[in-house]
Amino acid sequence: MKNRRVLTLLVPILLGACAGESSSDRAALPNKPWKDQSHDERMVTMKKLVYPTMKEEFVRFDSKDFSDMTCVTCHGPGAKDKSFKMPNPKLPKLPTTEAGFEKLKKDHPDVVQFMMNTVVPKMSKFVGEQPYSPKTHEGFGCFRCHPKDTTPIGG
Ligand code: HEC
Ligand code: HEC
């Protein structure tokens with residue numbers, strides 16, 4: 001009788017030690033490609049693999065802006081409503097034309113280089129796709145995260 005009491009007192013304390021952790025924090029990384037993973041499995045991959053790796057890269061690029069990077073930095077409203085739907089409408093809109101892209105490169109050279117040379121190649125590996133190719137118009141590119149700015153340049 002006495003022992004049971006101790007247990008009922010202990011269990012919430014033990015559980016409390018994991019407070020803030022959901023089941024996906026303890027799950028193992030799914031042993032299958034991203035395209036075959038369920039939403040819950042993708043949750044684990046994001047938390048354990050994608051988020052820590054990408055945060056490290058963003059912090060290396062700009063420690064002031066990204067030291068507090070979270071899921072919300074990439075996902076925006078999708079992180080709050082738990083759908084994690086991409087693209088994230090709150091990220092800056094990017095031009096879809098070649099002229100627009102050249103202008104963007106000129107106006108924001110550092111961040112565009114970082115996005116092209118680090119973010120896109122790393123993210124495409126995680127999801128098991130080729131980086132976007134302007135020749136074939138296929139692969140993982142900017143618009144998997146960013147929304148499109150369809151207003152004509154100068155307009
Ligand atoms: C560097 C940006 C980035 C960060 C940070 C990030 N994600 Fe993602 N996440 C993505 C992208 C891009 C996709 C879509 C991949 C695709 O096109 O298949 C995605 C997809 C997902 C999906 C799959 C949605 C579905 O059902 O298809 C889940 C779940 C998810 N993220 C959860 C998280 C969680 C939880 C965190 C924080 C621990 C996080 N993400 C952090 C970029 C990010
Ligand atoms: C995996 C998701 C992801 C991909 C893919 C991606 N970006 Fe980004 N991008 C981000 C995030 C996150 C930010 C930071 C937003 C913030 O500061 O809160 C960002 C910011 C930017 C900014 C804004 C910088 C500023 O000063 O406001 C530009 C410009 C940009 N990206 C261009 C690109 C280009 C061009 C590509 C493709 C070559 C690309 N991005 C691909 C996630 C992504």
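The exchange below covers two ligand shells and one helix residue in a predicted model.

Author: This is a predicted model, where local features need pLDDT of at least 70, side-chain atom pairs count only at pLDDT 80 or more, and totals for chains, interfaces and linings use all residues. Residues are numbered from 1 along each chain as its sequence is written, while chains are lettered from A and ligands numbered from 1 in the order in which they are written.

Reader: Why is Glu56 called exposed?
Author: Exposed means 12 or fewer other C-beta atoms within 10 Å of the residue's own, buried means 20 or more, and partly exposed lies in between; C-beta atoms are placed from the backbone. Glu56 has 12, so Glu56 is exposed.

Reader: Which helix holds Glu56?
Author: Glu56 lies in α3. Helices are DSSP runs (H or I, at least four residues), numbered from the N terminus.

Reader: What makes a residue part of the shell around ligand 1?
Author: Its C-beta atom, placed from the backbone, must lie within 6 Å of the molecule. Around ligand 1 there are 18 such residues, with Met46, Met54, Cys71, Cys74 and Phe84 nearest. Helix α3 (39-61) gives the largest share, eight residues.

Reader: Which residues come closest to ligand 2?
Author: Val111, Met115, Met116, Cys142 and Cys145, out of 20. The largest share, seven residues, comes from α8.

Reader: How many residues around ligand 2 count as nonpolar?
Author: The shell has 14 nonpolar, four polar and two charged residues. Nonpolar covers Ala, Val, Leu, Ile, Met, Phe, Trp, Tyr, Cys and Pro; charged covers Asp, Glu, Lys and Arg; the others, Gly among them, are polar.

Technical notes:
Helices (H or I, at least four residues) and strands (E, at least two) are DSSP runs, numbered from the N terminus.
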